[in-house]
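Please examine the sequence and the structure shown below before attempting the exercises. Each task is followed by a worked solution.

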Amino acid sequence: MSLYARITGWIVLLFGLLYFALPLLGLAEFSLKARRGVYSLDAYSKIIGDAEFQQTFLYSITMALVTIAFGIVLVVPTAFWVRLKMPWARPYVEFLTLLPLVIPAIVVVFGYIRLYNTSSWLPLTGSILGTNLLLAFGYTMLALPYMYRAVDTGLRTIDVATLTEAAQSLGAGWTTILSRVILPNVIPAVLSGAFLTFAIVIGEFTLAALLDRPAFGPYLQRIGANKPYEPFALSVMAFAITWACMGLIQLANRFAKHTKAAAR
Amino acid sequence: MASAAPLKRRRPLPLTWLGLAPFALFTFLFLIWPTLYIVIGAFQDRSGAFTLQNIADLNTGTIPSSYWISIKISATSAALGCLIGFGMAAAVTFGAVPRWIKAPLMTFSGVASNFAGVPLAFAFLATFGPIGLVTVFLRNNFGIVLQRDIGFSILSFWGLTITYLFFQIPLMILIITPALEGLKREWREAAAVLGASTAQYWRMVALPILFPSILGTFALLFANSFGAVATAIALTGSSLNIVPIQLFAQIRGDVLGNPNLGYAMAFGMIVVTAIANVLYIWLRIRAERWLK
């Protein structure tokens, strides 16, 4: 490696790191400036005490948990069944799970609004419960590429057919096999899918705003227009949540490696 | 699902597929059908009859200019993302900088590539906005006013492009690093033995092999920023006339005054992102010929 290449490498890397560091630094610094002249946590304490913040944040957390639960119930049996009985269907199922990355979310939610409106055969947007359900389904759809890939990777590391046969010969039904044999074996994979889902749902804007639900993302966007420092404090918190989720994914993956090593 | 397997043993009628029924039903109801509904609507008039008028009407009013700005922003941020991401990935892969930097950089890229949305817009407002960190720093220490002296505003074309780079560069790093690692040492050595300089090796060996990967990633980054809604709305409000913002306004309040024209606009978005994604997949298959 020549000196010239080394210097170029350093310059490019430092330029890139500076680009990534500055906005994070700027955001953190700005969020501390609520009190004139000194750094303080005023913006944080003010926004955490805000009733609307608490409501929207709680709503988004609930939504994330519902989405994760629904995603697990949908994805784990499907990925299991494809591996066990229908390997030929895998490319098709995988293609379907990748579609949410191709079709913009704003287009899909446009379809929801027109398809499930009050005068349709399934008037989901007619009631609050229905709209919440529709939003949860929409989030499940958004998280599908990540959830499916995580679970499928997890299933690859275990011998699905043998485990199923062993459980069946002990008299287990499908529900028992899925919940007490397959699921515990892919828990680390499910967890990494779950944390990514959580990170996606907690700050999601487009679906929640267009379905007019009181979620954290639209709230953050709305107060951005009329409050000076609070939105920045909230953004720092959103960054922290994303980082925490990604850290937990790393932890889940390490846990997976650890248990595999112990089993050998 | 519970009834599928026992039934199969008793009767010849295959019922295995029933296990996939919940998944198929879900993707149909909440992904395929809503999308098809929009696509079909784009080719219907108000009474439901087939027409190409909506597609033709895309060429009226502010719609062509919004598509054009969107395409320009997506192409610029994708190109810069590819360039900078490639440089950073190359720096950590070929050992220009210490090895230990690579793992944290990859982890960071995994996070940042997922971090689009409203908080990202605020991060850039706090940094390059009218009273942001960098803006104030430049004004106090160098007397440079971004808006006046360089013509830079975070609410403009370049502002949005620079913000998008925050998730474009990491995505490029994530995708191109495995490709760079796939370049075999033997190729470089063989080229050197035959008397090629480093520049010649890059121009005649490495870049042609990497070209499909780079172009494919460009297409993916393009689609990625073309569909981004939240960052743009939180950053610029409605001051920048790009397709996702216009579609957002159309869904909220039918600003075009013609629902089917709204469908046509959404259909146009699908077409652009679909072309970019098909290009990505095709180029990826080509790239895998050499890089295994």
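The exercises below concern a predicted model.

**Exercise 1.** Determine the secondary structure of chain B and establish whether the chain is compact or spread out.

*Solution.* Step one is the count of elements: chain B has 14 helices and zero strands. Step two is the radius of gyration, which is 24 Å for chain B, whereas the globule rule gives 19 Å for 292 residues; chain B is therefore more spread out than a compact globule. Step three is the extent along the principal axes, where the C-alpha atoms of chain B fill a box of roughly 65 × 60 × 35 Å.

**Exercise 2.** State what percentage of the residues of chain B count as buried, and how its contacts are distributed along the sequence.

*Solution.* Of the 292 residues in chain B, 42% are buried. Considering contacts in chain B between residues at least 6 apart in sequence, 73% of them link residues at least 24 apart.

**Exercise 3.** Describe the largest nonpolar core and the surroundings of B:Met172.

*Solution.* The largest nonpolar core comprises 163 residues, and B:Met172 is one of those with the most contacts inside it. Helix H6 (residues 128-156) of chain A supplies the largest share of this core, 15 residues. Setting aside neighbours within four places in sequence, the contacts of B:Met172 include B:Gly81, B:Phe86 and B:Leu221.

**Exercise 4.** Characterise the side of chain B that touches chain A.

*Solution.* Chain B contributes 58 residues to the contact and chain A contributes 64 residues. On the side of chain B, the largest share, eleven residues, comes from helix H2 (residues 21-41). By residue class, this side has 43 nonpolar, 15 polar and no charged residues.

Terms used
Residues numbered from 1 in each chain as written. Chains lettered and ligands numbered in written order. Predicted model: local features only at pLDDT ≥ 70, side-chain atom pairs only at ≥ 80, totals over all residues. Core = buried A, V, L, I, M, F, W, Y, C linked by C-beta atoms within 7 Å. Buried ≥ 20, exposed ≤ 12 C-beta atoms within 10 Å, placed from the backbone. Helix = DSSP H or I, 4+ residues; strand = E, 2+ residues; numbered from the N terminus. Contact = placed C-beta atoms within 7 Å. Rg over C-alpha atoms; globule rule 2.2 N^0.38 Å. Nonpolar A, V, L, I, M, F, W, Y, C, P; charged D, E, K, R; others polar.
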